Amino acid sequence: MEMARTTTLLLAAAALLVASCGAWEANIRMPTSLDEAVVAPLIHALRPLLGSGKHAGVACDSWVLGVEAHNVRGWKTVPASCEGYVGHYMLGSHFRRDSKVVVDQALAYVDSLKLSGNGKEVWVFDIDETTLSNLPYYAKHGFGATPFNATSFDAYVLEGSAPSLPETKRLYNKLLSVGVKPVFLTGRTEDKRAITVTNLRRQGISGWMNLLLKQPGFKGSAVTYKSGERQKLQDAGYIIIGNIGDQWSDILGAPEGARTFKLPDPMYYIG
């Protein structure tokens, strides 16, 4: 009698799970005998419908987590089997929600500050995938699953059509309103200055203190370049109260800034 009651409860739980899954797919291994229902617990293997692709045995959502946590490093392309997952993530509401969480924390941090108002407080912004989105380009190039092509990407940049990222723009406007000076620090090269300025202004972004681009002939990592530029700001008497980027190389390397914020970007890696 007790075994029958246990089986009934397990079957009811499974039915409730299936009914409540929504966007999830339930792969449920049901007990094959009354004895098994008592001896072994019912195991529910849930997987998101959009995250079922795997790379070297790792689910795509887990791979993206490893990327964002800076545990997966040095990768050249998004795993081919994860192209769909990354595409759905970037084009759907998930990316915007994750970005909102980051920016909400940044805004709360700004509200907590006691600013001096001396004109020396700055906030460093990256540009690509932080202030401007290259998603229109990457959507046509496998969301990072195909090898990077500098020629075609530069052609896209020169169009000056990249849309702004709305969450970052919220932070940018807030900083202007409280007297903090935005500084753009980008891996784009000096020859892209004019089109970058044009693109930013087309997106309603203005009022920055400085736009720092990589000079011709620079040899070194992104961390070396960006930390060096931040050091120059600090040496000039500026206080970097915040720093936001989509790559870990945007925010690593002293001086990082008083507080750093990492936006999601599973499409490419810059070390």
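Where is phenylalanine 95 found? Phenylalanine 95 turns up in helix H5, and a few notes on that helix and the rest of this predicted model follow.

1. **Overall picture.** The protein has 11 helices and 9 strands. Of its 271 residues, 42% are buried. If you look at contacts with a separation of 6 or more, 69% of them involve residues 24 or more positions apart.

2. **Phenylalanine 95.** This helix H5 residue has a relative accessible area of 12%, under the 20% cut-off, so phenylalanine 95 counts as buried. Leaving aside neighbours within four places in sequence, phenylalanine 95 is in contact with Tyr89, Met90, Leu165 and Pro264. There is also a long jump in sequence to look at here: phenylalanine 95 and aspartate 265 are 170 residues apart along the chain, while their C-alpha atoms are 8.6 Å apart in space.

3. **Helix H4 against helix H5.** Two packed helices are described by the angle between their axes and the distance between the axes. For H4 (residues 83-91) and H5 (residues 93-112), the angle is about 60° and the axes are 3 Å apart. The pair is therefore oblique. On the H4 side the contact is made by Tyr89, Met90 and Leu91, and on the H5 side by Ser93, His94, Phe95 and Asp98. Sorted by class, this contact has 4 nonpolar, 2 polar and 1 charged residues.

4. **Arginine 97.** Arginine 97 lies in helix H5 as well. With a relative accessible area of 47%, arginine 97 is partly exposed. Another sequence-distant pair shows up at this position: arginine 97 and glutamate 167 are 70 residues apart in sequence, and 9.4 Å apart in space from C-alpha to C-alpha.

5. **The largest pocket.** If you want an open site to look at, the largest pocket holds about 820 Å³ of space. Its lining runs to 39 residues, and Phe148, Phe153, Gly187, Tyr268 and Ile270 are the ones nearest its centre. Two or more lining residues come from each of helix H6 (135-138), helix H7 (150-157), strand E6 (181-189), helix H10 (222-235) and helix H11 (248-251). As for chemistry, the lining divides into 14 nonpolar, 14 polar and 11 charged residues.

6. **The largest cavity.** Rolling a probe the size of a water molecule over the atoms shows where empty space is left. A search of the whole structure for cavities of 30 Å³ or more comes back with 2. The largest has about 60 Å³ of space. Its lining draws on separate parts of the sequence, with Val67, Glu68, His70, Val72 and Trp75 joined by Asp246, Gln247, Trp248, Lys262, Asp265, Tyr268 and Tyr269. By class those residues are 6 nonpolar, 2 polar and 4 charged. Two names recur from the points above: Asp265, a lining residue here, is the partner in the phenylalanine 95 pair, and Tyr268 lines this cavity as well as lying among the residues nearest the centre of the largest pocket.

7. **The second largest cavity.** About 30 Å³ of space lies in this one. Phe125, Thr131, Ser164, Leu165, Thr168, Lys169, Tyr172 and Ile205 form the lining. Helix H8 (residues 166-177) gives the largest share, 3 residues. The class split is 4 nonpolar, 3 polar and 1 charged. Leu165, part of this lining, is also one of the contacts of phenylalanine 95.

8. **Backbone spots to check.** Most residues other than glycine have a negative phi, and most peptide bonds are trans. Which two residues does a cis peptide bond join? They are alanine 254 and proline 255, with omega about -5°. Proline 255 sits in the loop between H11 and strand E9 (260-262).

9. **Positive phi.** Glutamate 129 is not a glycine, yet its phi is positive at about 65°. Glutamate 129 is in the loop between strand E5 (121-125) and H6, and is buried with a relative accessible area of 5%. Phenylalanine 143, again not a glycine, has a positive phi of about 50°. The loop between H6 and H7 is where phenylalanine 143 is found. Buried or exposed? Phenylalanine 143 is buried, given its relative accessible area of 9%.

Key:
Residues numbered from 1 in each chain as written. Predicted model: local features only at pLDDT ≥ 70, side-chain atom pairs only at ≥ 80, totals over all residues. Heavy atoms only, no water. 1 Å grid on protein atoms, 1.4 Å probe; cavity = no way out; pocket = protein on both sides within 12 Å on 5 of 7 lines; lining within 4 Å. Points joined across faces, edges and corners; volume = space filled by probe spheres on them. Nonpolar A, V, L, I, M, F, W, Y, C, P; charged D, E, K, R; others polar. Helix = DSSP H or I, 4+ residues; strand = E, 2+ residues; numbered from the N terminus. Axes fitted to C-alpha atoms, helices over the stretch in contact; angles between N-to-C directions. Parallel < 35°, antiparallel > 145°, perpendicular 65-115°, else oblique. Contact = heavy atoms within 4.5 Å. Buried < 20%, exposed > 50% of the residue type's maximum accessible area, 1.4 Å probe, protein only.
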